[in-house]
Amino acid sequence: MMSSPQHFLLLFLLFLLPFSILPDTTCAAGTIIFTTLGRSRYNFDIFSLPIASSSSRSRPIAVDRRGEHRLTDGVSVNFNGYFPSLASSSFLSPLLPSSSSSSVDSLLYVTERNGSSAVYLDLFLASASSSSSSSPSTRRDALELQTRLQFPLIPPPDDAAAESAPNVSMKDRPSLSGDLLVYVSTHQPSPSPRQSWAAVYSTHLPTGRTRRLTPSGVADFSPAVSPSGAWTAVASYGAAGWPGDVEELRTAIYVFRTEDGSGRTLVVDHGGWPCWADESTLYFHRRGSDGWWSIYRATISVGTTTVSLESMVRITPAGFHAFTPATSAGAPGIIAVATRRQTSNYRHIELIDTRGGTNAYVEVTRPVTPYSHNYNPFISPEGSRVGYHRCRGSGNGSPSLLLENIKSSDPEAFSLLRVDGSFPSFSPDGERIAYVNLPGLFVVNSDGSGGPREVFSGIAFPTAWDWKRKGTIYTSYGPEFSAEGTQVDIISITLPDDDDDDDAGNAQPSIKKLTTGGANNAFPSPSPNGKWVVFRSGRSGHKNLYIMDAVEGESAGIHRLTEGPWNDTMCNWSPDGEWIAFASDRDNPGGGSFAIYMVHPNGTGLRRVVHSGSGGRTNHPWFSPDSKSLVFTSDYGGVSAEPISNPHHYQPYGEIYTVGIDGTGIRRLTHNSFEDGTPTWTPFFLEPADVAESLQGSGWCEFDDCHWLNIQAQLDDGASC
């Protein structure tokens, strides 16, 4: 019996020597899987509704809600659409019909099919007899029967080019001005940690020549090209850089020449998501001093080489949120916006008619899909249609994915997969994956066969498999993101041996509690020799790391590994047994900034591996199979888009990175505007292929809108949002 801490520590130090080492053939390769909050349930497609408008101010606009049409094809996730004018492009105008016997509609949009972000152009061919009909319902029938031609204007990279990976990046907010495609991309790294990679580029479609319009060292978001194509407006922090905002980005509006980015001028010192009504009128959104997101109009003076602000006025009042405005030169006085109102818990699209003495509001999506979130409206050039994206629902396209192949920057070294769950981990033989859904802990075959099986129904996080005892998973049971004294304990879950018992499929897992006292004991990680588990605990009043017996738990002894008035957490034991990596805020305790550290299991050799700068967050480290690298999640690349344009993400800057354990060779693996996290790494190479899952009912669209848009919280807190 280990009756004293000294006895336990002596045995612990002795056991450090005979660790199991992976075979020499193991290298930093295999498969990395991670989670993205809510992303597997988005299933976004782009839809449109016809607008009936009159040039007369006395006749209000109307929307024929029977005429909603899905524009995209139901493959993967499609969003942030734009209706281009093909006639303005010498490169694309030959695609227009040469006779009046047919017509062409077109859509530009972002898609994440084939594991990477890309910009697509879809053309819809219809006969003149159907397209000339004045009936919106007939028009809808024509759209559904017409031929679709699809062109990837900026395709994802092929595997041969993936090593240099110029196109492994996020693409966003595309628009077309003549032969120039203008869009956001994250393919060029920023020069400093925690600085966004998002920048605006133009690609000349006939030649493929791409030019960066955003100055070096600056990040730009949400570009909008003026009706003439001469000017582009963006939301930007300018040279100041991203300060860590996760709700409203406190950006300013800048305007520059679309041709080459010259003449860059600050026109509005607080605003985002600009759009042009005409060459001298910009609309944008911002959160006002009263806490409400609202639409504003800026009148600007455009000279030959200069742009200046003349006046600015608020368009939407307090009492509801209005954001992501869209306008069209073909619909003067009409603004499309997304709203959150007290009468609905969902984000919906509305039109604002500003042509009369008072603004008139017309509902677009709530009468059609009252229980769906609808995002980021846009209006066609002639002003006859309003587009937006939302979840398409079950049975209307490609299925939700349990495992989604993500384009790897080094496909010969490792595959990269997104899992529809949090805190995934592989069994030592690579055959199974455990993950949690908060609540519930699930196990699934690594190829997805057989579907997931729930093995624990409580709130559990994270997961880690024992290296020696087959089918044993460690997790913590209790509420996540809680204070030091919260009741959270480490448990082991041992699965029935399916290989030896024909009736094991009906047997229940055995569960054993390993910690006592419940002082926020979490993030267990077993040693490779199967003898110990490192975990974090708040038992001292601060979250530090401890090591206990893997089988009997802390009743057989416990050793404190780190000590201090800070948070050490999210620990992972290296496969060679030499190191324990963890996240810590010890550089600025309680300040919210986390860096990754490593320490030997005997408490020596403490060092910081990677930090994303002052205020930065670098979390969830996991060792590579050869113990020479770490995969982790971080805000190292800043934020990539305005968070209000997406569903809810607690940390919309999270991306997946790798780094050598000496702190060199930081490499970005994921590019999106969502929240990636909780990565894991196995030596086994999984085929980079999608694996569908079966979801019932609302599971297809089970994600939240931005929590900070909650109207009741706004009313309860007064001016606080």
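Visitor: How should burial be read at C391: is this residue buried or exposed?

Guide: Relative accessible area decides the matter: buried is under 20%, exposed is over 50%, and partly exposed lies in between (1.4 Å probe, protein chains only). C391 has a relative accessible area of 6% and is therefore buried. The model is predicted; local features need pLDDT of at least 70, side-chain atom pairs count only at pLDDT 80 or more, and totals for chains, interfaces and linings use all residues. Residues are numbered from 1 along each chain as its sequence is written, and side-chain values use heavy atoms, with hydrogens and water left out.

Visitor: To which residue is C391 joined by a disulfide?

Guide: A disulfide is a pair of cysteine sulfur atoms within 2.5 Å. The structure holds 1 disulfide, in which C391 is joined to C701 with an S to S distance of 2.1 Å. The link of C391 and C701 is left-handed, with -75 degrees about the S-S bond. It connects distant parts of the chain, 310 residues apart: C391 belongs to strand β26 (residues 385-391), whereas C701 lies in the loop between β50 (691-692) and α4 (711-716). Helices (H or I, at least four residues) and strands (E, at least two) are DSSP runs, numbered from the N terminus.

Visitor: What is the relative accessibility of C701?

Guide: C701 has a value of 28% and so counts as partly exposed. Two further cysteines may be set beside this pair: C571 is buried at 7%, and C706 is buried at 2%.

Visitor: How many aromatic pairs are there by the rule for rings?

Guide: Rings of Phe, Tyr and Trp (its six-membered ring) pair if their centres lie within 6.5 Å; planes under 30 degrees apart are stacked, over 60 edge-to-face, and the rest tilted. The count comes to 24 aromatic pairs. One of them, F632 with Y657, is stacked, at 5.7 Å centre to centre and 15 degrees between the planes. F632 lies in strand β46 (residues 629-634) and Y657 in strand β47 (residues 655-660), so this pair ties together parts that are 25 residues apart in sequence. F632 is buried, with a relative accessible area of 0%, and Y657 is buried at 1%. Y657 also pairs with Y636: the centres are 5.9 Å apart and the planes are at 65 degrees, so this pair is edge-to-face. Y636 stands in the loop between β46 and β47, 21 residues away from Y657.

Visitor: Which residues do ring pairs link into a cluster?

Guide: The cluster consists of Y42, F44, Y375, F674 and F703.

Visitor: What surrounds S236, not counting residues up to four places away in sequence?

Guide: Contact means heavy atoms within 4.5 Å. S236, in strand β14 (residues 231-236), touches V218, A219, D220, T251, A252, Y254 and R264. The side chain of S236 makes a polar contact with that of D220 at 2.9 Å. S236 is buried, with a relative accessible area of 1%.

Visitor: What average pLDDT does the chain have?

Guide: The pLDDT is the predictor's confidence in each residue, from 0 to 100. The chain averages 88, and 87% of the residues score at least 70. Over residues 8-28 the pLDDT is below 50, and this stretch has 48 contacts in the model beyond near neighbours in sequence. Residues 159-166 are also below 50, with 11 contacts beyond near neighbours in sequence.

Notes:
A polar contact is a pair of N or O atoms within 3.5 Å; within protein, one must be able to donate a hydrogen and the other to accept it, and residues adjacent in sequence count only if both atoms are side-chain atoms.
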